[in-house]
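Work through the exercises below with the sequence and the model open. Try each task before reading its solution.

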Amino acid sequence: MKIYNEAITLQSTKVREVFNITWQVKAAVEKSSFRDGIIVVTSLHSNSAVIVNDEEPGLLADLDVWLQQLAPARHDYKHQGRFESNSSVHFQSLLLHHQVIIPFTERRLDLGPWQFILFIELDGQRPKRISVKVVGE
Amino acid sequence: MKIYNEAITLQSTKVREVFNITWQVKAAVEKSSFRDGIIVVTSLHSNSAVIVNDEEPGLLADLDVWLQQLAPARHDYKHQGRFESNSSVHFQSLLLHHQVIIPFTERRLDLGPWQFILFIELDGQRPKRISVKVVGE
Amino acid sequence: MKIYNEAITLQSTKVREVFNITWQVKAAVEKSSFRDGIIVVTSLHSNSAVIVNDEEPGLLADLDVWLQQLAPARHDYKHQGRFESNSSVHFQSLLLHHQVIIPFTERRLDLGPWQFILFIELDGQRPKRISVKVVGE
């Protein structure tokens, strides 16, 4: 068993944006040359998320509306003003989770046909870092 | 450190159903013959979830109501119609998360006395696949 | 690749309380003497959570309010009375998730500058156990 590390940096052009990073994660597995293992994909920012789900545009638009309904931006949060992101953005990140583990077997990611690895930028326009750690053999 | 892989396939008889898969995960650890390690349990479908929680029937009934309140089925989602599952089901899956990692030590799962590994079928009646990857020694 | 195990036990003085356990996780990595790997941090209780997020006090106060709005304590849950925690606490635990994976590289945790490892006690005043499993080399 060995470890291969890679860092992805993304810079959104919008405040909220979804990036399909499946191919970058696949590329990391190829560079590792491991046949079997797991990949830990982690955002290093509390105002973003990493999920596995379908990337159909209607679904992603619905998701954005739903997140803002469940954890709306508000003016009476205690955490705001001088902080980078409003509490609502932190809650949306917690809801979606900031990381996923992707199992892979025979060099192929164990993903269903409608599963993609998505980086969800919730408060963007700044460079964001994603840690990709491949553990395998 | 080595890897042992197993796939679980489940077919629900109802649209929404909970399966306690703790014993299947235990069986995978036994087959691996590893003493210490982690098990990555991942659903390959975005309309289901894998959680660790109590399996008391009242709690599971409450959970089903709560999920449908927080992410209700609606007629105005952009993602619907020709797609397999309505957006509400995807959101419920994201809320619960589609995977868990189970640590194990001395061949025993590190679970509390009220923790079980549950597969939550959110839009079923079709076969669903769960990847079980045991990494250990 | 090897495994190093550690157990953290916490006892809150309040019903709801947040513990920053980042230094305990760092200490476990130091004791392991591994340079590179992952740490699986898991609560063994379904009425608590482990998250990675900022620990600014205003944010944590907002989080507590938000959790109780999204999954309020109610008198008509089926799971209550003779059980340790009301369904609302289980739902809050599911929302936040009961575990995180921390990647580490060159003996340093791969955390962003505003990311800390937090144990969220949701129904406390009893000792709670957290499993810390370091897998690395």
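Three exercises follow, on chain symmetry, a sheet and a helix contact.

This is a predicted model, in which local features need pLDDT of at least 70, side-chain atom pairs count only at pLDDT 80 or more, and totals for chains, interfaces and linings use all residues. Residues are numbered from 1 along each chain as its sequence is written, chains are lettered from A and ligands numbered from 1 in the order in which they are written, and side-chain values use heavy atoms, without hydrogens and water.

**Exercise 1.** Find the turn that lays chain C on chain B.

Solution. Superpose by least squares on the C-alpha atoms of residues with pLDDT of at least 70 in both copies. A turn of 120° with a shift of 0.0 Å along the axis gives an RMSD of 0.0 Å. That is the relation of a three-fold axis.

**Exercise 2.** Give the strand order of the open sheet in chain B.

Solution. Strands are DSSP runs of E, at least two residues, numbered from the N terminus; two of them pair if DSSP finds at least two bridges between them. The order is β2-β7-β4, with antiparallel pairing. The edge strands, β2 (17–20) and β4 (48–53), each pair on one side only. β2(B) and β7(B) (residues 116–121) share 4 bridges; V18(B) has I120(B) as its bridge partner.

**Exercise 3.** Which residues of α2(B) and α3(C) meet?

Solution. Helices are DSSP runs of H or I, at least four residues, and contact means heavy atoms within 4.5 Å. From α2(B) come L59(B), D62(B), L63(B) and W66(B); from α3(C) come S87(C), H90(C), F91(C), L94(C) and L95(C).
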